[in-house]
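Notebook open, coffee poured. Today I want to look up a pocket and a sheet, and jot down what I find.

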Amino acid sequence: MPKVNQQKFALVDCNNFYASCERVFDPKLEKEPIVVLSNNDGCVIARSNEAKSLGIKMGVPYYQVKDLLISKSVVVKSSNYPLYGDMSSRVMKVVSQYSPVQEVYSIDESFLDLSGFTINLNAHMQTLKNQVKSWTGIPVCVGMGSTKVRAKLANRIAKIYPKFNGVFDIDTLPNSRFEKLLDSVEINDIWGIGGKSTQKLKQININTAYDFYKADIGIIETLLGVNGKRIYRELYGHSCLPIEEVAPARKQIVSSCSFGLDLSDFDEINQALTNLTRKAVIKLNHQSLAATSMSVFIYTNPFKKNIPCTNLSKTIGMSAPISNESLLIPLCAKLLKQIYEPGYKFYKGGIMLGNLTPDKSQQDLFIVSQKSTRLQGHPYGNLLKYASELGNDRWKPRAEFQSNRFTTCWGELLIV
């Protein structure tokens, strides 16, 4: 009889995901150092291994390392979220074939429940790794363990040591080797231990995962509460964090950005917020949700000296849940008019749809009558725009180095 695997989790993690997405459509970038910048080409938010080896830090402002990037011939890319999101969906669809129970944890990470499998799990995950690479072009590594925390730690090992060929089961280590491994891991590198928790632990000389592992569970619970206790028990192999097959319902949708230029004109700011509202409404409708509150906010840049500084915002509640763009987009303009003050230069703005609830379309007669303006059944209805969405586009974030949206835009398909 083949051995039945008891509790077993796998974490499938894409390697340098944003950089890997860029390489899929430009193979010349393979082995080249790459960095990807945040919105408005502000900070470094992703690095290839080659870029990491040059000492380029995560989150560093682009202007601070611009000369270094040029001197080292580092390829710079603006963030391309439509491309990354679509590539993530393709990867996760392949991954889902390898277990009936999957939790998509982030854009580049997915947990699988492999409990009860009677096959060779290492071979199974090697096949997954190879298929994801073959079908999507994205390299992944897989970590396995009896808990999600141990699987996360195993994935770290799979990425670091080539001898495991991208797949590692941490439960195969003898306890002495496991403890030695923990001693090489900084406390903040344990999954679930954030910055504030790290500060608390370091105050009592818990600096490594091994220190955490050997600490008294009562002290851990006192410092970090029940979540810290769960992480502690997970390191010992007791599963406390189950797979979440259904993502928790979203409580809010935020659509915001830093403007390409500081804006002071009302119409320019209104154009920016109207476009951001439309993006939020698309997400709202895609998830079959409705909002019962809406917030609008605009900020000046706090880091610019000798200029007036202010943060303006306004929130309003609805008498009934709303998902209709013909109500939400004009409402955005009304809220902006209430908070807008001339004389300031605003560098960032956005909207938030809050207190989300399932959209049951049980709305009052006024809202129902307004739905006809959306022309949902018209073949060109999705091309219609509000006048406030049109303008000089000065608000759009800078994206000097952005590649094409190869998989989501007909006009930007790859030409070979």
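Before I start on the pocket: a helix here is a DSSP run of H or I with at least four residues, and helices are numbered from the N terminus. Lining residues are those with an atom within 4 Å of a pocket point. Also a note to self: this is a predicted model.

**Entry 1, the pocket.** I looked up the second largest pocket and got a volume of about 1,000 Å³. Its lining has 35 residues, and C14, N15, N16, N49 and K159 lie nearest the centre. Next I checked which elements give two or more residues to that lining: strands 1 (9-14), 3 (44-47) and 7 (140-145), plus helices 1 (17-24), 2 (49-52), 5 (121-136) and 6 (148-160).

Which element gives the largest share of the lining? I found that helix 1 does, with five residues.

Then I sorted the lining by residue kind: 15 are nonpolar, twelve are charged and eight are polar.

**Entry 2, the sheet.** Strand 3 took me on to an open sheet of three strands, in the order 3-2-4 with mixed pairing. Strand 3 and strand 4 (75-78) are its edges, so called as each pairs on one side only. On average, neighbouring strands here are turned by 30° against each other, ignoring direction.

I zoomed in on strand 2 (residues 34-37), which pairs with strand 3 in the antiparallel sense over three bridges. There I spotted V35 opposite R47 of strand 3.

**Entry 3, back to helix 1.** I traced helix 1 again and saw that it lies across strands 2, 3 and 4. Its angle to strand 2 is about 110°.

Definitions and conventions
Residues numbered from 1 in each chain as written. Predicted model: local features only at pLDDT ≥ 70, side-chain atom pairs only at ≥ 80, totals over all residues. Heavy atoms only, no water. 1 Å grid on protein atoms, 1.4 Å probe; cavity = no way out; pocket = protein on both sides within 12 Å on 5 of 7 lines; lining within 4 Å. Points joined across faces, edges and corners; volume = space filled by probe spheres on them. Nonpolar A, V, L, I, M, F, W, Y, C, P; charged D, E, K, R; others polar. Pairing = 2+ DSSP bridges. Axes fitted to C-alpha atoms, helices over the stretch in contact; angles between N-to-C directions. Contact = heavy atoms within 4.5 Å.
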